Amino acid sequence: MALSTLLVSSTTSKPLHLLQKPISIPSIKSIHCNAKPSPSSSSSSSSSANADSKASLELVSSKRRGFFYMGIGLLAASMLVLTPLEANATRIEYYATVGEPNCDLNFVRSGLGYCDVAVGTGVEPPLGELINIHYTARFGDGTVFDSTYKRARPLTLRIGVGKVIRGLDQGILGGDGVPPMLVGGKRKLHVPPELAYGPDPAGCFSGDCNIPANATLLYDILFVGIYK
């Protein structure tokens, strides 16, 4: 995803005709016109017959080259189209298998569920400040729909001021029965729809939405540190 789905708010292949080598097919008429005349009528007939035979062979050879280059073009196009999709599917499948170990969730009055896989040893997140986190986000059935690990860089966000979904503000900053995370800590969050995106779909582009309405979201959070 180009934009993180935490915020409240494809590969293009070349056309096939660009992959094909231009083919020039000589006409029999042009070959006849370029043939030199023979002194004798018998030799002229022989030369004409040879020219016709040569033109026919060149025409067949040219057509075969055309089919060959067309086949190469189709193969190249299929590789350009399929490879990025297959690579993306592989990454999604991979990140679906690298979640943190399960832990027993504690549910608070707001409906948020949380549990600490590892308690951090650093400072708490300051209210309203920028922090860095890594996360993997899943639907209730475990399907990954977003991950900072796939992008190989953490997300920088302003915590506690409504810049992210309510479940993340409470789950990271703490409050109402949830202890604040500490730098270096890892926490699982079970975010109900009312603390996520509610009845509206999210992550939409050209009518296609990554997150359906009333979705329960699961997060694996790593509190990397305070943004500097």
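Helices and strands are runs assigned by DSSP and numbered from the N terminus, and with that numbering in mind the tour can move through this predicted model one selection at a time.

**Start with the confidence colouring**

Colour the chain by pLDDT before selecting anything else: the average over the chain is 74, and 56% of the residues score at least 70. Select residues 9-43, where pLDDT stays under 50 and where the model has 36 contacts beyond four places in sequence. Then select residues 71-83, a stretch in which the pLDDT is again below 50 and which has 11 contacts in the model beyond near neighbours in sequence. Where pLDDT is low, the predicted coordinates should not be read in detail.

**Strand 9 and D220**

Now select strand 9, which covers residues 217-226 and includes D220. Is D220 buried or exposed? D220 counts as buried because its relative accessible area is 8%, a value under the 20% cut-off. Show the side chains of D220 and K188 together, and a polar contact of 2.7 Å can be seen joining them.

**The aromatic pairs**

Stay in this region and turn to the aromatic rings, for which a search of the whole structure finds two pairs. Select Y135 and Y219, whose ring centres are 6.2 Å apart and whose planes meet at 65°, so the pair is edge-to-face, since an angle over 60 degrees is counted that way. This pair links distant parts of the chain, with Y135 in strand 3 (residues 130-139) and Y219 in strand 9, 84 residues apart. Both rings belong to buried residues: Y135 has a relative accessible area of 0%, and Y219 has one of 1%.

The next pair to select is F139 and F145, which are stacked, with 4.6 Å from centre to centre and 25° between the planes. F139 is buried, and F145 is buried as well.

**The largest nonpolar core**

With Y219 still on screen, widen the selection to the largest nonpolar core, which has 31 residues, and in which I133, V191, I211, L217, Y219 and I221 touch the most other members. Which elements each supply at least two residues of this core? They are strand 3, strand 5 (155-158), helix 5 (166-173), strand 6 (186-191) and strand 9, and strand 3 gives the most, with five residues. In soluble globular proteins, nonpolar side chains tend to be buried together.

Centre the view on V191 and display its surroundings: leaving aside residues up to four places away in sequence, V191 touches L112, I165, G167, A196, A215, T216, L217 and Y219.

**A202 and its surroundings**

Move next to strand 7, which spans residues 202-205 and contains A202. A202 has a relative accessible area of 10% and is therefore buried, the cut-off being 20%. Not counting residues up to four places away in sequence, A202 touches Y197, C209, N210 and I211. Add A213 to the selection, and the C-alpha atoms of A202 and A213 are found 7.5 Å apart in space, while the two residues are 11 apart in sequence.

**The disulfides**

C209, one of the residues that A202 touches, leads to the last stop, the disulfides, of which the structure holds two. Select C204 and C209, which a disulfide joins with an S to S distance of 1.9 Å; the link is right-handed, with 105° about the S-S bond. C204 counts as partly exposed at 42% relative accessibility, and C209 counts as partly exposed at 30%.

Then select C103 and C115, which are joined by a disulfide with an S to S distance of 1.7 Å, a link that is right-handed with 60° about the S-S bond. C103 lies in the loop between helix 3 (41-95) and strand 1 (106-107), and C115 lies in strand 2 (residues 113-118), so the pair ties together parts that are 12 residues apart in sequence. Are these two cysteines buried or partly exposed? C103 counts as partly exposed at 25% relative accessibility, whereas C115 counts as buried at 3%.

Show both disulfides at once to end the tour: with the bonded cysteines of the chain numbered in sequence order, the pairing reads 1-2, 3-4.

Conventions:
Residues numbered from 1 in each chain as written. Predicted model: local features only at pLDDT ≥ 70, side-chain atom pairs only at ≥ 80, totals over all residues. Heavy atoms only, no water. Helix = DSSP H or I, 4+ residues; strand = E, 2+ residues; numbered from the N terminus. Buried < 20%, exposed > 50% of the residue type's maximum accessible area, 1.4 Å probe, protein only. Polar contact = N/O pair within 3.5 Å; in protein donor to acceptor, adjacent residues only side chain to side chain. Phe/Tyr/Trp six-rings, centres within 6.5 Å; stacked < 30°, edge-to-face > 60°. pLDDT = per-residue confidence, 0-100. Contact = heavy atoms within 4.5 Å. Disulfide = S-S within 2.5 Å. Core = buried A, V, L, I, M, F, W, Y, C linked by side-chain atoms within 4.5 Å.
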